[in-house]
Structures are given as C-alpha cells and as structure tokens.
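Reader: I am new to this entry and should like to learn how its features are read. Could you take me through them in order?

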Amino acid sequence: MAYWPHWLVVVVVAPLVGAVLAPVVGRGRPKVVALWALAAMGVTSLAALNLIVRVAEDGPFSYDMGGWEPPVGIELRFDEFGASVGIICLLGMLALLFSYRYAEHTLPTERVPYYYSLMLLNLTGLIGFVVTGDLFNLFVFMEILSLSGYALVAVSGERIAEMAAFKYLVMGAVSSLLVLFSIGVLYSVTGSLNMADVAARLGDWGARSPAMLALAGLSLGFMVKAAIFPVHIWLPDAHAIAPSPVSAILSGLVVKVGVLGMLRVYQIFYAAETLDLTGLNTLLVWLGAISIVMGAFFAIFQEDVKMMLAYSTISNVGYIMMGLGLASSYGLIGATVHVFNHALIKATLFLSAGAMIYRTGYRTLHDLRGVGKAMPITTIALSIGAISIVGIPPTAGFLCKWYIALGAFQADQPFFGVALVFGALFIFVYYIRMVNAFYFQPATHPEIAEVSEAPLSMLVPVIILATLCLVMGILGRIPLSFIEPAVTRMLAPLGG
Amino acid sequence: MEVVDIRPMLAPLISFVCAGLVFATGRAAFWRRFWSLAAAVAKLAVVMSMLPGALRGTVYVFKLVDFTPGVGLGFRADALGMFFAVVSSTLWIFTTIYAIGYMEREHSRMRFFGFFALCVSTTVGIAFAENLLTLFLFYETLTICTYPLVIHEETPEAFKAGRKYLTYTLIGGAFVLIGTVVVYNLTGTLSLAHPGILTSSIDTGTLGLLFVALIAGFGVKAAIMPLHGWLPSAMVAPTPVSALLHAVAVVKAGAFGVLRVIYNVFGVELLRDLPFAHVLAYLAAFTIVTASFIALFQDNIKRRLAYSTISQLSYIVLGAALLTPLAATAAIVHIANQAFAKITMFFVAGAIQRTTGKTCVHELAGIGYRMPYTMAAFTIAALSFIGVPLFAGFVTKWYLSLGALEAGDWWFVVVLIASALLNAAYWLPIVYLAYFKAPPGTTMRVAEARPTLLVPTLICAGYVLLLGTTANVPGMPFSLARAAVQFVFGM
C-alpha cells in the first residue's frame with residue numbers, strides 16, 4: 001500500500017494531539033500556545049492538501065484503521081465531499097491566527113491554553129466528521145465538536161455567555177440523542193455501522209418502518225444542528241456571544257455539520273432505494289424557504305452586528321437546505337458549493353466584525369457609526385463579505401443563488417426559485433443598514449475616528465478571506481469540478 | 001466576422017482600475033482629477049479604436065472565464081453595444097470635467113470620483129456583455145455602485161431616496177435574474193450574439209411570463225411607468241450624479257437591457273407572432289404622455305427634468321416595441337440623442353444652481369441676461385426635446401413616426417405629436433422666462449458659470465446640433481445604428 005493514505009489518519013490525529021497537549025505546552029504562555037495550535041493545524045493542512053490532490057486525481061478512497069477491514073474495522077473515507085476538510089483547515093488556521101491577539105484580550109490568561117485546546121478539539125471533530133466512514137464514529141466526532149462548541153461559547157465566563165451555551169447545550173444534546181437513537185435503529189436492522197454497508201443491507205432488507213424511523217430521527221437531529229427554522233432558536237445567542245473567531249468557526253463550519261450530516265443521510269438512503277424521499281424533500285424545500293425569509297426578518301430588527309450575522313446564517317442554511325431538497329443536480333451543486341462559500345463569507349464577516357469590536361469596544365450599529373473611516377481595510381473586507389452574502393455577482397455568494405434557482409426550475413418547482421431570489425432581497429435590507437452605518441452616517445462617538453486599524457494578525461486572515469470571497473465567485477469552476485462527479489453519483493439511483 | 005480581441009474587456013477594465021487608483025491616491029485633488037480624466041480619455045480611445053472595425057462589420061469578442069460550460073464572463077462589441085459604449089464613454093469625459101468643477105467644495109470627493117468611475121465601468125460592461133449573465137452581473141453591480149452617489153449628501157432625505165432607489169432597482173435585478181435562469185433552463189444558452197435565442201416551440205404562457213420578468217426587470221431602470229418611482233426622488237443627488245443617472249449610465253442601462261431582450265433574447269421574428277410587444281408599446285405610449293403631463297406641474301428644475309427623462313426613455317422602449325426597422329433605428333439613435341440633450345439640461349441646471357443658487361423654475365426670470373451661453377445651451381436642448389428639425393430630437397421623431405406607420409399603428413404618431421406639444425409646454429416657458437421676463441431692476445451684467453461647468457455644457461449642446469443636422473457626427477455614426485438594425489432584422 002502506498003504511503004499517502006496514512007495522511008488520512010494524520011488529519012484527524014494531528015489536531016487531536018495538539019488539543020490534548022495545548023494546556024501542557026501553553027501553561028501561562030498564551031503566545032506560545034497560539035503558535036503551538038497553529039503548528040498543529042499547519043501539519044493538518046499539509047495532510048489535507050495532499051489528500052485533496054489525491055481525490056482530485058484518483059477519486060474517492062478509504063483507509064482501514066489498523067488494517068481491519070470494514071464492516072468490522074473502522075473505515076476512514078475520503079470522497080469529494082470530504083474535500084471540505086480543505087476549507088476546515090483553512091478557516092481553522094485563519095481563526096487561530098486571528099485569536100493570537102483576540103484571545104489574550106478577551107479571556108483571562110489562565111484560560112487561554114484551554115481556549116486553544118477547545119478550538120483544536122472542535123476542528124478535530126469537524127475533520128473527523130467529514131472523513132469517517134461509519135455511523136458510530138460519525139456520532140462520536142459530532143459529539144466531540146458539539147461539546148467543545150458548547151464550552152467555546154461559554155469560554156468568556158460571562159453570565160450571558162453561560163446562558164447561551166446552556167441553551168445551545170440543551171438543543172444540541174437532544175439532537176445528538178436523536179441521531180444516536182437512529183444509528184442504533186439502523187444497527188439493529190442491518191447489523192452494520194459502516195455507511196456503505198448499511199446502505200447496501202438496507203436495500204436488501206426492505207424494512208420500511210425502522211428505516212423510516214431512522215430517517216426521521218437523523219433528519220430531525222441534523223436539522224437542529226443546522227439550525228433551520230423552527231429549530232434554530234439556539235443559534236443566534238450562541239453565535240453572537242461567543243468570541244468572534246469562535247463565531248466564525250461555529251457559523252462557518254459547525255452549522256454545516258447538520259448539512260453534511262443530511263448529505264450523508266441522503267447518500268445512504270438514495271443508495272438504499274427503499275424509501276421514497278419525496279416527502280422529506282418537500283419538507284426541506286419549504287423549511288429552507290421559510291428559513292431564508294424568517295432569518296432575514298429577524299435580522300432586520302437587530303442592532304448588534306454579530307446578532308445580525310448570526311441570523312443571516314439561518315437564511316443561508318435555508319438556501320442550502322432548499323438546494324438539497326430540490327433533489328436536482330443543479331440544486332445539489334448549489335447547496336454543496338454554498339457549504340464552501342458560505343463558510344468563507346461568514347468567516348470574513350465575523351472576523352472583520354470581531355476586529356471592529358476588538359478595536360472600538362462597541363458592537364451595535366449605532367455605536368459603530370463612522371468606523372469605516374477609522375478602520376478602512378477591515379470595513380472594506382466586511383463590505384465585500386456583505387456584498388457577497390447577498391449574492392451580488394461576481395462574488396462567491398452569487399453562485400449558490402444562480403445554481404439553486406436553476407435547480408428549482410430544473411426540478412420543475414419554479415415557485416422556489418422565485419422565492420429564493422426574492423427572499424434574498426430581504427437579506428439586502430440589513431446589510432445595507434450595516435454599510436450605511438459604517439460609512440455614511442455621522443459617528444455617534446466622535447472618539448471612534450481615533451481608533452487605529454486592526455493589528456496584522458487580524459488583518460491578514462480578514463484580507464485573505466475577503467479576497468477569496470471575490471475570487472471564488474469568478475473561479476467558481478474549481479469547487480464545481482470537485483462536486484459535480486459526487487453529485488452525479490449520488491443522484492444516479494434517481495435516474496437523473 | 002468575429003475577432004478575438006481584448007479591447008471589449010479593456011474598456012470596462014480601464015474605468016475599474018481608475019476607480020482603484022482614485023481610492024488609493026485620491027486624497028490629493030491632483031491625482032483624483034488626473035486619474036479620472038486620464039481614464040476617461042484612455043477609455044474613449046479604446047472604444048473609438050474599435051469603431052472602424054465595427055463599421056466594417058467586425059465583432060470583437062473576448063471570453064474571460066466560464067462558471068459552467070457556456071455560462072460565464074464574456075465581452076462582445078457588436079454594433080448595438082458599440083453605439084451605447086461610444087455614447088457613454090464620450091459623455092464620461094464631459095461629465096468628469098463638469099464634476100471636477102461642480103464638486104470643488106463638496107465633502108467625500110474621493111468616494112464620489114471612485115464610485116463615479118465604477119459606474120461608468122459597469123455601464124460599458126453592460127454595453128459589451130456577451131451573454132445575459134454578464135449583462136445581469138454588470139446591471140446589478142451598477143445598482144450597488146450608484147448607491148453611494150445617490151446618498152452623497154448623507155441627509156435623511158438622501159437616505160430615503162437611496163432606500164427607494166435600491167428597493168426599486170434590486171427588485172428589478174431579481175426579476176432579471178429569474179428571467180436569466182429561465183432562459184438558461186429553456187435553451188441551455190445565454191448568448192446575446194444571435195437575433196433571438198428563444199423559439200416558438202416554447203409554450204406561450206411561459207414566454208409571456210419570461211417577457212414580463214425580463215422587461216419589468218430592465219424596465220425599472222428604464223423608468224417605464226409604473227416602475228418609475230425611484231427616479232424623481234433620486235434627484236437629491238448632486239447634479240453630475242443626476243446627469244450620470246439620467247443620461248449616461250443607469251437609465252440607459254435599463255433601456256439598453258430592454259433592447260437586448262427584444263432583439264437578442266426574444267428576437268423580432270418571435271415577438272411578431274406574440275402579443276407582448278404590442279402591450280409594451282401601449283405602456284410606453286402611456287408613459288410618454290403621462291410623464292410629460294406630470295412634468296408640466298413641477299417647479300423644481302431637476303424634478304421637471306426627471307419626468308422629462310421618464311417620458312423620453314419611453315421613446316426608446318416604444319421604438320423597440322414597434323418591431324419595425326425604422327422604429328428600431330429611432331430607438332437606437334435616441335440613446336445618443338436623449339443622452340446629449342438631457343445631459344446638457346442637467347449641466348445647465350447644475351451651473352445655475354452653483355452660480356446663483358436657484359433651483360426652481362419660477363426663480364429663473366431674467367437668467368438669460370446673467371448666463372447667456374448657458375441658457376443658449378438650454379434652449380438648444382429644449383428645442384431638441386420638442387423635436388424641431390435641425391435638432392437631434394427631430395431625427396428620433398421622424399424615424400419613430402415612420403416606424404409607427406410602417407407597423408400600421410398610425411395613432412402612435414398622434415402620441416408623438418401630443419408629446420411634442422407637451423414638451424413645448426414645459427420647456428418653452430423656461431426659455432421665455434429666462435430671456436423675456438427680466439424682473440425690473442435686473443442688472444444686465446453677465447456672470448457666467450465658471451469654465452469647467454460652462455465648456456462641457458456648450459460642447460454637449462454642440463453635439464445636439466450636430467446629431468440633428470448630419471448623419472456623420474464624428475465618432476457617433478448613424479451607420480452604426482443602421483448596422484445594428486440590419487443585424488437584428490436579418491437584412
């Protein structure tokens with residue numbers, strides 16, 4: 001066997017080791033632990049890059065842990081959807097770099113090493129979740145990232161943060177239970193935990209009711225994780241109150257666990273061909289449409305910048321769910337492309353908002369008026385993010401609107417295409433408020449003009465991300481070329 | 001004959017780079033002016049360098065990137081696009097000079113000139129868009145880039161106008177996007193290189209909805225009634241912006257989009273068998289007359305100009321909707337005729353406001369004594385709108401009337417005559433006031449606007465005369481419009 005499949009182990013183990021050792025390495029030395037975390041993510045990124053090149057050249061492959069073959073052993077699997085490891089590593093690196101100054105500033109010194117440890121654990125969970133080939137490990141990794149997520153929300157130790165984390169914990173625990181329960185059902189029916197194997201056996205067995213139960217449990221569980229309306233209520237507080245680099249990871253990546261989970265579920269059940277998924281699809285499309293509108297609607301009434309961004313995540317998950325539910329090739333492409341692009345865009349927005357909060361100490365639109373003159377680069381980055389997320393071409397956010405709308409017409413459900421495009425207009429409303437406040441309205445606090453531009457460790461991630469927001473729109477073919485074969489394979493059982 | 005050439009992309013790129021340079025170095029007045037003027041000249045040179053080729057029938061094409069096969073950013077300088085590009089890049093030079101003079105004591109000048117350049121960049125992008133997606137892309141970007149210009153004053157009134165502007169145009173943009181998606185879904189192509197890409201095999205209901213979506217989407221910026229509400233309120237912007245909005249960029253982008261939809265997406269052949277274009281023609285006729293009526297009662301000069309714009313733009317829409325070659329000629333040449341006449345008027349309004357502080361029609365008594373050259377330019381533009389022979393507007397009216405007769409709809413000629421009378425009714429009183437109604441005690445001292453304001457005004461007025469008297473205006477050839485018409489009608 002060639003050496004390179006071992007990289008698949010490295011991408012999971014490297015951040016894990018980094019996380020475990022971070023408190024030891026970084027005791028009382030916040031700068032050192034930041035570098036340590038960056039180094040751990042650096043190794044992970046190299047491994048991930050190698051894997052992505054492989055999958056682009058040779059297609060999906062898997063790795064049997066310890067040489068035990070599935071279904072007995074643990075299988076790590078890397079397919080085109082697994083290429084999202086790339087974006088996880090990128091955002092992880094940038095968020096850690098951003099934290100270099102931010103964590104020290106926001107957190108008590110003794111907590112900083114734990115903060116990095118939790119960040120790395122969270123990233124481990126994310127990567128593991130994407131590359132695992134069996135359902136039980138899917139659950140394990142999901143729990144790793146959820147538990148570290150709860151802790152990260154509460155990390156500042158403020159009372160309000162604890163409340164938000166608790167709300168997040170309750171919802172998250174319920175959804176995890178649902179997922180675990182469904183996995184149990186699938187195991188009892190098929191006697192296997194390996195996803196490919198489950199799909200095959202489910203098809204042979206033809207048991208409808210347990211499969212239906214499992215499908216319902218998994219879908220609901222993942223919907224909570226994805227924060228789709230009406231099970232979104234945990235999200236705004238958690239994402240707005242967490243430290244900004246954490247918000248970027250939570251909003252950009254952790255929420256996507258729900259989406260990727262749904263994708264995995266679809267992969268299993270489409271391949272099994274036992275159930276008619278039309279009902280679920282219809283539900284997803286409707287919930288997606290409602291999420292777009294409701295997310296925008298709630299965001300309009302927010303004053304807190306990060307709160308707006310948090311609600312905007314709900315709208316964007318709505319886009320993605322709609323794309324999934326349309327079950328047409330363009331719709332799925334749009335959904336998966338947006339998983340990538342939204343991660344980039346939302347990280348841009350949260351990090352630049354974080355830089356503003358770091359420098360000014362204010363977080364409402366009213367207080368932040370006039371910040372555009374004081375922090376020009378950060379504000380431009382935030383504006384690029386805003387333009388991108390409302391889907392103005394040629395930025396990254398436009399692609400999803402284009403593909404999902406096309407998917408709606410392709411699936412002969414034009415109503416949803418129209419709903420998507422007009423729903424997106426609502427999103428304009430509050431981003432325009434934001435841009436107005438930062439640039440055009442007179443400053444509420446005159447001293448805001450004295451504020452200096454964000455430090456380099458924050459500026460670099462923000463600039464990289466903003467550039468990617470622009471470039472990924474024009475170079476939209478790159479993620480597309482990855483996703484298209486996977487989507488075609490996934491929809492093959494549908495005959496389309 | 002198609003030739004791969006970078007120039008169609010270069011033209012929008014120049015303004016784009018100029019915007020970047022203005023933002024980078026524009027704190028200094030010298031660099032701001034230098035970049036703006038240099039880019040304006042460079043762009044006109046690039047566009048003009050394509051003119052001889054375009055007149056020989058060469059089409060310059062440049063493909064940048066594809067999102068999916070066949071859908072992506074592409075540029076293509078065909079006759080129709082060239083015509084629009086020539087008009088807008090010529091006017092950019094004059095507007096820039098004027099703006100430099102006009103904005104001298106304003107705040108946030110760097111922002112103003114930067115976004116100004118971006119607007120012109122996107123306008124030429126619209127002109128040279130190779131496919132509907134590229135067109136949409138620039139159309140939407142234009143909306144965003146004009147917003148900071150509309151709210152330049154940063155007063156509550158300006159923000160209100162800005163909100164209204166965005167509401168209208170973004171909803172329009174959403175319609176265009178949906179239309180584009182549907183076209184792609186139906187035909188698998190978005191190319192604007194053919195005289196029509198839709199076919200009669202598609203059922204009429206779908207075609208009807210598609211026509212409504214696309215025309216409504218572009219019609220917002222073309223201010224077809226009842227989609228015109230944003231335009232009069234956007235008058236709070238500084239005058240060069242109004243000139244840009246009403247003569248060069250925004251409204252013409254809308255009108256141009258309507259032309260593209262009728263000529264290159266649907267095609268004349270297909271539309272002749274369908275009733276939609278006829279409905280559009282009625283709507284345009286309604287707009288022409290109604291907007292003129294409203295203009296009669298406006299005392300604020302810029303508001304009167306705004307309603308006149310609404311009325312004039314529908315000449316273009318009407319010309320396109322009549323689906324005859326002569327009417328199409330009228331529609332295309334009116335892009336230039338209206339642009340030069342209207343920009344002259346806005347320049348005059350701005351010059352009067354800057355020099356005397358007057359903004360209303362009733363204050364203009366005797367202004368002709370104070371600013372004789374400015375008011376002479378105004379008179380030329382007014383006569384052009386009325387459609388007096390030897391002035392640019394007459395050419396439009398002549399071909400439009402012929403086109404209406406060609407289509408067998410004689411009563412559109414009545415509409416045009418009514419419109420001419422209405423135009424006379426709201427322009428000539430201003431001329432009368434200016435020259436013959438000097439209030440007692442008016443000193444006869446001439447106190448003209450400063451040269452940066454006056455010279456562009458006079459040149460634009462000169463163009464109005466030229467366009468009306470000869471078919472061979474240098475750099476604004478009638479034959480280009482002819483070429484476009486011949487392509488569209490397959491002659």
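Author: The dialogue below treats the chains, the core, the contact between chains and one helix. Please keep in mind that this is a predicted model.

Reader: How many helices and strands are there in chain A, and how many in chain B?

Author: Chain A contains 19 helices and 2 strands. In chain B there are 21 helices and 3 strands.

Reader: What radius of gyration does chain A have, and what would a compact globule have?

Author: One sets the value for the chain beside the value for a compact globule with that number of residues. For the 496 residues of chain A the globule value is near 23 Å, and the chain has 21 Å, which agrees. Chain B, with 491 residues, also has 21 Å against a globule value near 23 Å, again in agreement. Along the principal axes, the C-alpha atoms of chain A occupy a box of roughly 70 × 55 × 40 Å, while the C-alpha trace of chain B spans about 75 × 55 × 45 Å.

Reader: What share of the residues of chain B is buried?

Author: Burial is judged by counting neighbours: a residue with 20 or more other C-beta atoms within 10 Å of its own is buried. In chain B, 61% of the 491 residues count as buried. For the 496 residues of chain A the figure is 61%. Sequence separation adds to the picture: among contacts in chain B with a separation of 6 or more, 82% are between residues 24 or more positions apart.

Reader: Which residues have the most contacts inside the largest nonpolar core?

Author: They are B:F83 and B:V317, in a core of 410 residues. Helix α15 of chain B, residues 325–356, gives the most to this core, namely 20 residues. Leaving aside residues up to four places away in sequence, B:V317 touches B:A222, B:I224, B:A255, B:V258, B:L280 and B:A284.

Reader: How many residues does each chain bring to the contact between chains A and B?

Author: Chain A brings 22 residues and chain B brings 23. On the side of chain A, the elements giving two or more residues are α16 (396–410), α17 (414–440) and α19 (477–491). The largest share, 9 residues, comes from α17(A). By type, that side of chain A has 17 nonpolar, 4 polar and 1 charged residues.

Reader: Why is α16(A) described as largely enclosed by the rest of the structure?

Author: The description rests on burial, because 15 of its 15 residues are buried. From first C-alpha to last, α16(A) reaches 22 Å, close to the 21 Å expected at 1.5 Å a residue. After α16(A) comes A:D412, which has a positive phi, near 65 degrees.

Key: Residues are numbered from 1 along each chain as its sequence is written. Chains are lettered from A and ligands numbered from 1 in the order in which they are written. This is a predicted model: local features need pLDDT of at least 70, side-chain atom pairs count only at pLDDT 80 or more; totals for chains, interfaces and linings use all residues. A nonpolar core is a set of buried Ala, Val, Leu, Ile, Met, Phe, Trp, Tyr and Cys residues joined through C-beta atoms within 7 Å. A residue is buried if 20 or more other C-beta atoms lie within 10 Å of its own, exposed if 12 or fewer, and partly exposed in between; C-beta atoms are placed from the backbone. Helices (H or I, at least four residues) and strands (E, at least two) are DSSP runs, numbered from the N terminus. Two residues are in contact if their C-beta atoms, placed from the backbone, lie within 7 Å. The radius of gyration is taken over C-alpha atoms; the globule rule is 2.2 Å times the number of residues to the power 0.38. Ala, Val, Leu, Ile, Met, Phe, Trp, Tyr, Cys and Pro count as nonpolar, Asp, Glu, Lys and Arg as charged, and the others, Gly among them, as polar. The expected span of a helix is 1.5 Å times one less than its number of residues.
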